[in-house]
Amino acid sequence: LGNKFFVSENGITDNVKKYIEWGLERTREKMIIIVVDRIQDTNIYVRNNTRSEQASLRYALGQGVLIKKYLEKYISDLPQNKKEKISIIRWDDYIREDPFCFPIKHTVYNEFKNNPEFASAVLQAVKKSVKDSKSN
């Protein structure tokens with residue numbers, strides 16, 4: 001979200017189209033495009049001092065809807081044999097339906113809560129990201 005390498009005001013960029021074509025050339029059956037909207041709310045909140053946490057989440061989810069529409073539009077113009085290989089899901093769909101995701105998420109939250117060294121490393125990475133984004 002908000003990355004001009006992937007999305008412009010008019011839709012997905014040629015970079016995304018190239019990634020999709022690259023993926024289609026390398027898959028036999030299916031490929032999934034995950035719109036990572038919900039997990040970007042924290043980045044939006046941290047990098048934008050004027051938005052509340054709730055406003056950041058609403059913005060991220062709204063951008064996710066828009067990006068999914070852009071992707072669907074592009075894919076609708078592909079040949080049928082390519083279209084049928086592509087599924088587009090949003091982050092919430094992924095974490096709700098992926099059997100691998102829940103145990104990993106639980107492990108990460110547990111580590112953050114119970115391992116001060118891990119929690120410190122995560123917080124330092126976030127602080128560095130914020131500092132780097134403000135210097136650009």
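## Exercises on a predicted model

In this predicted model, strand β3 (residues 31-35) and strand β4 (residues 86-90) run in the parallel sense where they pair, over five bridges.

**Exercise 1.** Determine which side chains of strand β3 are buried, and find the bridge partner of Ile 33 in β4.

*Solution.* Begin with the general pattern: in a regular strand the side chains alternate between the two faces of the sheet. Then follow strand β3 residue by residue, where Met 31, Ile 33 and Val 35 point to one face and are buried, while Ile 32 and Ile 34 point to the other face and are not buried. Finally, cross over to β4, in which Ile 88 is the bridge partner of Ile 33.

**Exercise 2.** Describe the aromatic pair of Trp 91 and Tyr 94, and explain how these residues are placed along helix α5.

*Solution.* The structure holds two aromatic pairs, and one of them joins Trp 91 and Tyr 94, with 5.0 Å from centre to centre and 45° between the planes. Planes under 30 degrees apart would count as stacked and those over 60 as edge-to-face, so the pair of Trp 91 and Tyr 94 is tilted. Next, consider the helix: because Trp 91 and Tyr 94 are three residues apart in helix α5 (residues 91-97), about one helical turn separates them. As a last step, note that Trp 91 has a relative accessible area of 18%, which means that Trp 91 is buried.

**Exercise 3.** Find the salt bridge partner of Lys 82, and then state whether Lys 73 and Asp 77, which form another salt bridge, are buried or exposed.

*Solution.* The structure holds seven salt bridges. Among them is the one between Lys 82 and Glu 21, whose closest N and O atoms are 3.0 Å apart. This pair links distant parts of the chain, since Lys 82 lies in helix α4 (residues 80-83) and Glu 21 in helix α1 (residues 14-26), 61 residues apart. Lys 82 is partly exposed, with a relative accessible area of 28%. Turning to Lys 73 and Asp 77, their side chains meet at 2.9 Å, N to O, and both residues are exposed.

**Exercise 4.** Work out which helix gives the largest share of the nonpolar patch on the surface.

*Solution.* List the members: Val 108, Phe 112, Phe 118, Val 122, Leu 123 and Val 126 together have about 440 Å² of accessible area. The elements giving two or more residues to the nonpolar patch are α6 (101-114) and α7 (116-135). The largest share, four residues, comes from α7. Leu 123 lies in helix α7 and, at 43% relative accessibility, counts as partly exposed.

Definitions and conventions: Residues are numbered from 1 along each chain as its sequence is written. This is a predicted model: local features need pLDDT of at least 70, side-chain atom pairs count only at pLDDT 80 or more; totals for chains, interfaces and linings use all residues. Side-chain values use heavy atoms; hydrogens and water are left out. Rings of Phe, Tyr and Trp (its six-membered ring) pair if their centres lie within 6.5 Å; planes under 30 degrees apart count as stacked, over 60 as edge-to-face and the rest as tilted. Buried means under 20% relative accessible area, exposed over 50%, partly exposed in between (1.4 Å probe, protein chains only). A salt bridge is a side-chain nitrogen of Lys or Arg within 4 Å of a carboxyl oxygen of Asp or Glu. Two strands pair if DSSP finds at least two bridges between them. Patches are made of residues with over 30% relative accessible area and no salt bridge: like charges are joined within 9 Å, nonpolar side chains (Val, Leu, Ile, Met, Phe, Trp, Tyr) within 5 Å. Accessible areas come from the Shrake-Rupley method with a 1.4 Å probe; for residues, only the protein chains shown count as cover.
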